[in-house]
Each structure stands twice: as structure tokens, then as C-alpha cells.
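Reader: Hi! I'm in my first year and still learning how to look at protein models. Could you take me through one part of this one up close?

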Amino acid sequence: MIIFRTFLFALPLLSLPALAGWDDVNMSPGATALGQEIFGLHMTIFWICFAIGVAVLGAMAFILFKYRKKEGVEAAKFDDSTFLEFTWTILFALILIGMSIPATITMIRAYDDTEGDINILITGHQWKWQYEYIEDEVSFFSNLSTSLDERNNLAPKGENYLLEVDEHLVIPTGARIRFLITANDVIHSWWVPDFAIKQDAIPGFVNTGWTQVNEPGIFRGQCTELCGQYHGYMPIVVEAVSPDQYKKFIMQKKEAKLQQAALTEKLWTAEELMAMGEGIYQKNCVACHQVNGEGLAPVFPALAGSDIVMNDKARQIEILMEGVQGAAMQSYAEQLTEVEIAAVITYTRKSWNNDPTGNAEIVAPKEILDYKTNKL
């Protein structure tokens, strides 16, 4: 009995070390009004459940102690109590109703999919996100930018290890942003804790979410669906900027789109295409075909020594543009520009000793443009 009493008195003290790391395991308070509302609801229900747990366990401990069987004392003999059963049934029903009302109101607000001031289509690809600003016809891909050396423990890991990308999703402050979330291959999940958004991205189906950020800042998230072996390499970075900065961002993207179109007419040298193609290969192809081009048999074939890569330029262009049906190779026609596709193909044809063995023909951006034009 002394041990039992000691345990009861020591229980609050034992919980103190756990409370010290409370912020590490609890939900994010959120950076938006909706996020903070959900966090407040979560904490309210948590403490209600905690109070119920303490009351029930305390009553059980008290009854076990007070009515225990002991020498020289006759144990109390009683059976059902209709009053008690009626009381706790009504009491807990009222508690559940009380919790469901604010939860329902908050859920209705969270799933409000009315049109936003800005509407952004988010598409999950293995293993990157595509963002399309519907009203402005601006689209780009956001890729993991953590270096291979960091991932392979050859360099110190940065502060945002596996949480940094080459292109941020930029949104303006003070505007309602509606996200339309889908996928083009397997199921992904777009999750930004500060926005209280976690929506599955499902091929052929569009889910929605929304946010309104009132202060500039950078907010990070991840894909939370097991979408393949590199599922952990799909971070999300959202940058909230002032409305003026947002307008400049959109203008820069539109100008870059025009400049890319003009580059297809340029006469590129093999060296220029190789230099650009190496970076594109590192960003888009390494996960499957490896840095040395040896691939991952039997799913991802080797590019080093491949007869198609060395001698069949037309087929290689077709694969990049169309993907391979029934295989993991996806189409890059929308993911990369004509110049980028030409550069990465040229890089693979002239790397890993493919150059002296094959015909070593380069691919000009104009050839990719012609492929698209003829197809249309």
C-alpha cells in the first residue's frame, strides 16, 4: 500500500520531463486564423479528455482503496445504481455534444472551397510538385534542392535538410488563396502544418484547400503519403510576400517564359547543352538513373551503354516527351522546356563513355519544338 500511495503522489512529478518537450510533439499553433482556430479546438478537447481521464481514474483509485477487502472489516455489498448510470450517461452525452458543435463549425470553415482571390493548381509528381497559377497562366516545378553530398553524408547537413526547394510557391499576404490539389501518377499528400492543410493529391480527382496569410514569412511542409522510395524528397516551401512583391514575381515568371521560347531558335553548341544538361539531369533524373547512369535494375534501366541513348535519337526524344507506358518513366513534355529537354538528352548521349561508342549526335531545342508541333 505504501508503494501504491507513493506512486499516486509521484505521478505528476514523473510527467514533468515529458512536458518539457511538449512543443516538439504537439500540433503547430498555425500561422493563419484558421490554423489557430484548429489548434485552439485541439487543445480544448485535449484538456477535456485529460480532465475526464483524471476524474475516472481518480474515482476508480478511490473506490479500490476505500472499499478494499481487509481483515476484520466486512466489504460493502451493493449492486446496480440506476441513478448513477443515468447520470453518467447523460453527462457524457452532453460532453460529446458540447465538443461536436465547435468541431463541426471549424470543419465547415476548413473545407470551404469557394473560389479564392488567387487559385493555384497543385499537381503531385514522383517526386516533385507542380504549381500553376490559373489566372496568370504561370506554371513551374518545385524540386528538392538538398545536395547529393548532404544526402550521402559527404557534407554537413544544412538547417533545412530535405526541406529546401529550388522554387518556392509564392503567395501574396492578405488574399484568400484556394489550392486545387491533384496528382498525375500515384497518390501524394500536400501538407503545410502552419496552414492546417493536409490534402491527398489523387490522380483524376481534385481536392481543395485554402489559406489566407496576413504576415510575410516562409512556411514549410512535406508530402505525407508513401508515394515511392523517394517520398521523403518532396518538401513544400510556401513564401508569403507583400502584394507588390507578388506582382513582380508573376511578371518575372511571364518574362522568363517568353525568354525560354526565344531560346529554342538559338544555335546551341554541344558544350552549352552539356553544361545545362548536367544540372537538369542531377535535378530530375538522378533519383532513378543514378549519377553514373547505371540505373536501378530491373525497374530503372541504365543510360550508360544504352543502345537507344547512343544510337537512336528519335526514340530517346519520344521517351522523354511521352514517357514509357507501363513503366515508371514519366513524360517530361510539360515539366521541362524545349531547351532543357534537348540539353539533358545531349548530356546523356555524351556522358559515361557513350560519346565515343555511339554516334554522339546532339539534340537541338528546335528538334524538340518540331516534335511538339508535328504532334499537334
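Which residue stands opposite Lys198 in β7?

Author: Happy to help, and keep in mind that this is a predicted model. The residue you're after is Trp191, which stands opposite Lys198 in β7.

Let's look at the strands around that pair. Strand β6 covers residues 188–192, and 5 bridges join it to β7, with the two running antiparallel. Strand β7 itself takes in residues 197–201. The two strands form a hairpin with 4 residues between them. In that hairpin, Ala196 takes a positive phi, near 55°.

Now check out the two faces of β7. Ile197, Gln199 and Ala201 make up the covered face. Your Lys198 belongs to the uncovered face, together with Asp200.

If you step back along the chain, you'll meet another spot worth a look. Thr173 has its place in the loop between β4 (169–172) and β5 (177–183). Is a loop residue like that buried or exposed? Thr173 has 14% relative accessibility, and the cut-off for buried is under 20%, so Thr173 counts as buried. Leaving out residues up to four places away in sequence, Thr173 touches Val213, Asn214, Glu215 and Pro216, and also Ala240, Val241, Ser242 and Pro243.

For a helix, try α10, which is made of residues 313–322. Its buried residues are Lys313, Gln316, Ile317, Ile319, Leu320 and Met321. After α10 comes Gly323, and its phi is positive too, near 80°.

Finally, zoom out to see where these pieces sit. The protein chain has 13 helices and 10 strands in its secondary structure. Its radius of gyration is 29 Å, well over the 21 Å that the globule rule gives for 376 residues, so the chain is more spread out than a compact globule. The C-alpha trace spans about 100 × 45 × 35 Å along its principal axes. Of the 376 residues, 35% are buried. Take the contacts between residues at least 6 apart in sequence: 63% of them join residues at least 24 apart.

As for the surface, the chain exposes about 22100 Å², with carbon and sulfur atoms supplying 61% of that. And if you count charges, you'll get 28 positive and 46 negative side chains, with the centres of the two sets 6 Å apart.

Notes:
Residues are numbered from 1 along each chain as its sequence is written. This is a predicted model: local features need pLDDT of at least 70, side-chain atom pairs count only at pLDDT 80 or more; totals for chains, interfaces and linings use all residues. Side-chain values use heavy atoms; hydrogens and water are left out. The radius of gyration is taken over C-alpha atoms; the globule rule is 2.2 Å times the number of residues to the power 0.38. Buried means under 20% relative accessible area, exposed over 50%, partly exposed in between (1.4 Å probe, protein chains only). Contact means heavy atoms within 4.5 Å. Accessible areas come from the Shrake-Rupley method with a 1.4 Å probe; for residues, only the protein chains shown count as cover. Lys and Arg count as positive and Asp and Glu as negative; His and the chain ends are not counted. The place of a charge is taken as NZ of Lys, CZ of Arg, CG of Asp or CD of Glu. Two strands pair if DSSP finds at least two bridges between them.
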